[in-house]
Amino acid sequence: MNTARMNLPVSSLDSQTSPESEIDLMLLFRTLWRGKIWIILATIVAILIGGYYAYSIATPLYTTRAVVMLENRQEQVVDIESVMTGLSGDQATVNTEVEVIRSRGLLEKLVLKLDLLNDPEYNTELQPEPIISVTKIVNFSRGLMGLPPKEKRQLSERDILDATIDELLKKLSVSNIRQSYVFNILATSEDPQKAALIANTLGELYIRDQLEVKFDATAQATEWLTERVTQLQVELEDAESAVKEFVSNTDLVGPESLDALNRQLKDLRERLQKTKAAQVIAQKQADHLRALAEAGEFEEIVKQTNDPALRRLFLAQDNANDSSLKAFEARLANVLQNADQKNAQMIDQMNALSQSIDSLQIQIESQSKDLVQLQQLQREAEASRLIYEYFLSRMKETSVQQGIQQADSRVLSYAVVPLRPASPRKAIILFLSAIMGMIFGSGMVLLKEYAQNTFRAPEDLEHLSGATVMGQIPIIPARNRKKVLKYLTDKPTSAAAEAIRNLRTSILLSNVDKPPKIIMSTSSIPGEGKTTQSLALAQNLSGLGKKVLLVEGDIRRRTFAEYFEIKGKQGLLAVLSGEAKLEDVAIFNEDLKADILIGEKSAINAADIFSSDRFHKFLDDLRKKYDYVIIDTPPVLAVPDARVIGQSVDAILYTVKWDSTTRRQVSEGLKSLRSVGAAVTGLVLAQINKRGMKRYGYGDSYGAYGDYYDN
């Protein structure tokens with residue numbers, strides 16, 4: 001049921017498109033519950049389709065897994081900075097290895113090794129062209145336009161290989177188990193043995209690729225080291241030759257001799273200092289003695305020189321001996337001369353020491369420079385020797401390791417041949433099919449209810465109109481209209497009879513203070529069951545022992561002839577014109593147990609007739625003669641007759657055909673009656689189909705009448 005329309009205010013007949021701001025979830029649930037049969041059917045159909053696909057159409061695919069583990073180690077093969085090391089094992093390295101396993105270069109080796117180029121499962125060029133394809137549709141369209149068909153592009157061997165690798169990539173999955181160095185290689189194929197072969201071969205190729213990379217790296221390192229060792233050998237030989245040549249061309253003493261020369265230089269410098277000090281003293285003494293001599297202080301000279309001969313001569317001089325005096329003077333001159341000579345000798349000795357020091361310094365400087373240069377040459381030669389020996393050792397180690405490389409990974413477990421296909425996952429397909437079926441069925445129910453523009457439930461009709469639904473009349477299972485009254489008479493406990501009795505009760509109780517006597521029955525359009533309802537209501541009222549008159553107010557169509565054998569008789573117009581009395585033209589029907597006043601064809605407009613005072617007077621007379629009068633009028637939307645008659649009656653029954661009359665028709669019909677002040681007493685939902693109610697999910701909305709359908 002359309003939830004937007006059901007939320008309309010009761011007082012509004014024209015506002016059909018203004019939904020409330022909130023969705024009534026309970027109403028939505030009831031709508032889905034009413035459509036449960038359709039939802040169940042859609043679910044069953046979806047399950048059947050999914051089952052057909054899973055068990056008949058879908059190609060079984062087998063998936064298996066090979067497990068490869070990364071060795072977390074770092075083994076140096078050669079060098080100051082390793083030429084080739086193991087993998088570090090950090091997350092970046094692990095992610096890199098995942099991409100290495102899925103690399104196109106490795107997969108190309110796999111395709112060539114397993115000859116997948118000749119396998120239609122992976123080489124789509126070998127697959128038969130489908131019956132319907134994009135190429136065929138395009139060529140067909142071009143043919144309709146008069147254009148030549150589009151030629152298929154010829155693929156090269158490289159293109160075919162790349163396409164095969166792409167197809168293989170779709171059926172391969174490589175993942176790393178969290179917090180580990182383990183990789184899962186998942187392979188999918190239509191052949192279980194092929195799936196296991198692909199997974200295992202890829203793992204082996206990955207490990208072999210690591211070995212090849214290491215072997216190439218080792219070979220390159222060996223080649224480079226060989227060239228480097230040869231170059232270093234030449235450099236070492238040149239360095240050693242330079243040392244020998246320098247030694248042979250230089251008068252070089254050793255470091256020990258140079259140390260001795262330095263010590264000798266030190267001694268000479270010390271002697272020079274001592275000689276300088278002694279010479280200064282001697283010079284001072286000589287000058288002092290001479291000064292004393294000049295001053296005649298001979299006694300002081302004798303004391304300071306402490307010369308025995310001079311002392312004796314000085315003492316002899318006191319005897320005034322000329323020879324002694326001359327001897328003393330001669331001796332004194334000799335003493336002074338000796339002092340000068342001693343001073344001169346010290347000066348000569350100092351000069352000799354200075355010359356020796358200068359010569360020794362020059363020799364030491366020359367020897368030091370040569371020694372420094374020699375040591376530099378020796379260090380360079382030694383460094384060249386150490387580098388040469390190191391690289392020579394690495395070259396030998398690398399040469400030995402060329403055949404003993406180890407891969408950084410190993411196969412932890414090989415893939416086994418799967419016994420059951422991994423897809424299609426039939427249980428999941430069936431489950432998803434059921435879900436999709438439920439969703440589709442619910443969507444269709446809601447869509448149908450949203451698009452539904454008729455009435456299937458009394459509350460829907462009440463919500464739109466604002467009037468009370470007094471009756472719900474099922475389809476009367478009579479073969480033709482003439483047998484309707486007979487059916488109701490023969491089956492008084494049927495659902496139809498019970499519905500008429502309920503309608504009668506509702507009408508009589510609609511105004512307790514002034515029960516209606518003249519009741520008008522109308523509808524929006526023809527064929528809604530208002531005439532049958534009028535007959536059944538008249539029969540039911542007469543069954544109470546009341547005097548009832550059934551008036552055919554539809555003088556344009558005159559449908560009573562289809563129910564009764566009353567052709568060619570006078571009726572309503574004859575009474576209104578005064579040509580006949582009511583008692584003479586009213587026909588008592590045994591099945592109806594009531595009088596019938598048929599309509600007659602008239603050249604005068606029917607609306608004018610019913611608007612006349614004579615007609616109003618006629619109704620007043622009927623109130624006096626009959627307990628109840630039922631007037632069957634034309635449809636409201638067809639002609640204005642019902643609006644005219646409705647202004648003079650006590651109650652108006654408005655019949656709506658179940659699941660047939662549109663909302664707009666009912667809204668317009670009720671609006672037209674209200675426009676002339678003719679208020680509808682109650683609505684009747686007629687010709688209800690029991691099976692239709694159940695089909696639409698309204699089986700619980702028909703009340704207790706459903707219990708009488710089988711009677």
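This report describes the largest pocket of a predicted model and the strands beside its lining, with strand E12 as the link between the two topics.

## The largest pocket

The largest pocket holds about 500 Å³ of space. Its lining comprises 29 residues, and those closest to the centre are Arg481, Gly529, Thr532, Tyr563 and Gln687. Three elements each give two or more residues to this lining: strand E5 (469-474), helix H17 (530-542) and strand E12 (682-688). The largest contribution comes from H17, with five residues.

By residue class, the lining of the largest pocket has 13 nonpolar, nine polar and seven charged residues. In general, empty space of this kind is found by rolling a probe the size of a water molecule over the atoms.

## Strand E12 and its partners

E12 pairs with E5 in the parallel sense through four bridges. In this pairing, valine 469 lies opposite leucine 683 of E12. E12 also runs parallel to strand E11 (residues 651-657), and five bridges join these two. Here leucine 653 faces glycine 682 of E12.

How much of E12 is buried? Six of its seven residues are, so the strand is largely enclosed by the rest of the structure. The cut-off for buried is under 20% relative accessible area.

## The crossover into E12

E11 and E12 also belong to a β-α-β unit, in which helix H23 (residues 663-675) is the helical part. The unit is right-handed. E12 thus appears in three settings: in the lining of the largest pocket, in parallel pairings with E5 and E11, and in the β-α-β unit with H23.

Technical notes: Residues numbered from 1 in each chain as written. Predicted model: local features only at pLDDT ≥ 70, side-chain atom pairs only at ≥ 80, totals over all residues. Heavy atoms only, no water. 1 Å grid on protein atoms, 1.4 Å probe; cavity = no way out; pocket = protein on both sides within 12 Å on 5 of 7 lines; lining within 4 Å. Points joined across faces, edges and corners; volume = space filled by probe spheres on them. Nonpolar A, V, L, I, M, F, W, Y, C, P; charged D, E, K, R; others polar. Buried < 20%, exposed > 50% of the residue type's maximum accessible area, 1.4 Å probe, protein only. Pairing = 2+ DSSP bridges. Right-handed = clockwise from strand over helix to strand, strands pointing away.
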